[in-house]
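Student: Please pick one part of this structure and go through it closely, with whatever surrounds it. I would like one connected account rather than a list.

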Amino acid sequence: MHVLNTCLRAALAGGALASAVLISAPAAHADNPATGKGPAAAKSMSEIASTLPKVSADDVLNLARSQIGISENAYGGGTKFQQWYMTTPRARETLARDGGTLKGYLNAAWCDMFVSWVGQQLGIGPVMGSDAYTVEHAHWFADHSRWGRTPKPGAVVFFNWNGSKNIDDVQHVGFVVKDNGDGTIRTIEGNTGDGGAVEARTRPTWQVVGYGYPMYTADASASASS
């Protein structure tokens, strides 16, 4: 599943991409204030953030960096990120939204599962968002007014290889490490490269649809979260 545009929709049905409507209403997600349902719905993102561990953009990037080299098997699966995601309540929510089978996540495109795993491991899933479908994850940031065009360390970067700036055209996702100041950014991404792995990459900014800004909970990361 290392072909880059396979990060569009990760839920698989019988080995084929699910044929559900691409953009649907958000699934109920009790861990996120995004959905308007569940305990988190009555709280703002800042209120949610105040209850979470203190985590900075550096913490996120350090964890992401420590995963570099992890790769998928010959079937596009076998990573701990896919195995983790299919065990989560969020996986059942995204299946209800997207169709497919729970087992399908094991060999599905996993770039967004990697991003979600990093947030969950550090205890900030509710302000990082969690999804297997990059388009929906990008909409989640936009719906929370956490979307923009400026690369910042720790931002979640969404790509379209043809340069589209339409969220519905997002194809891939990763983390921004730094803005190189020359029209490129340094990133850490899952499900990338020839072998489908976690890698550090340099990408041209013209391929960026936009950036999602997690509300990091440590004061030191305020510049990356605003």
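Tutor: What follows is a close look at strand 5 and its surroundings, starting with the conventions.

The model is predicted, with pLDDT of at least 70 needed for local features and 80 or more for side-chain atom pairs, while totals for chains, interfaces and linings use all residues. Residues are numbered from 1 along each chain as its sequence is written, and side-chain values use heavy atoms, without hydrogens or water.

The protein chain contains eight helices and eight strands; these are DSSP runs numbered from the N terminus, with helices (H or I) of at least four residues and strands (E) of at least two. Of its 226 residues, 55% count as buried, where buried is under 20% relative accessible area, exposed is over 50% and partly exposed lies in between, using a 1.4 Å probe and protein chains only. Contact here stands for heavy atoms within 4.5 Å. Among contacts in the protein chain with a separation of 6 or more, 65% are between residues 24 or more positions apart.

Strand 5 covers residues 172-179, and six of its eight residues are buried. The strand belongs to an open sheet of six strands in the order 3-8-4-5-6-7, with antiparallel pairing. Strand 3 (147-148) and strand 7 (197-204) are the edges of this sheet; each has a single partner strand, so one side of each lacks a neighbour in the sheet. Pairing requires at least two DSSP bridges between two strands.

On one side, strand 5 pairs with strand 4 (residues 156-159) in the antiparallel sense, over four bridges. Within that pairing, Gly174 of strand 5 is opposite Val157. Strand 4 in turn is joined by four bridges to strand 8 (residues 208-212), again antiparallel, and there the bridge partner of Val157 is Tyr211. Val157 therefore comes up in both pairings, with Gly174 in one and Tyr211 in the other.

On the other side, strand 5 pairs with strand 6 (residues 184-192), antiparallel over five bridges. Asp179 has Ile185 as its bridge partner in strand 6, and Lys178 is opposite Arg186. The hairpin of these two strands has four residues between them, and Gly181 there takes a positive phi near 75°. Strand 6 is also mostly covered, with eight of its nine residues buried. Going on towards the edge, seven bridges join strand 6 to strand 7 in antiparallel fashion. Arg186 has Thr202 as its bridge partner in strand 7, and Ile188 is opposite Ala200. This second hairpin also has four residues between its strands, and Gly193 takes a positive phi near 80°.

In a regular strand the side chains alternate between the two faces of the sheet.

Strand 5 residues turn up in the nonpolar cores, which are sets of buried Ala, Val, Leu, Ile, Met, Phe, Trp, Tyr and Cys residues joined through side-chain atoms within 4.5 Å. The largest has 47 residues, and Tyr105, Phe114 and Phe175 have the most contacts inside it. Helix 5 (residues 111-121) gives this core its largest share, six residues. Another core, of nine residues, lies apart from it and includes Val157, Trp161, Val176 and Tyr211.

Next come the helices. Helix 7 (residues 134-143) lies across strand 3, strand 4, strand 5 and strand 8, at about 130° to strand 4; angles run from 0 to 180 degrees between N-to-C directions, and axes are lines fitted to C-alpha atoms, for helices over the stretch in contact. Helix 2 (residues 57-66) packs against helix 5 at an angle of about 125°, with the axes 10 Å apart. The two helices are therefore oblique to each other, since angles under 35 degrees count as roughly parallel, over 145 as roughly antiparallel, 65 to 115 as roughly perpendicular and the rest as oblique. Val60, Leu63 and Ala64 of helix 2 make the contact with Phe114, Trp117, Val118 and Gln121 of helix 5.

Helix 5 is itself mostly covered, with nine of its 11 residues buried; Phe114, Trp117 and Val118 are among the buried ones.
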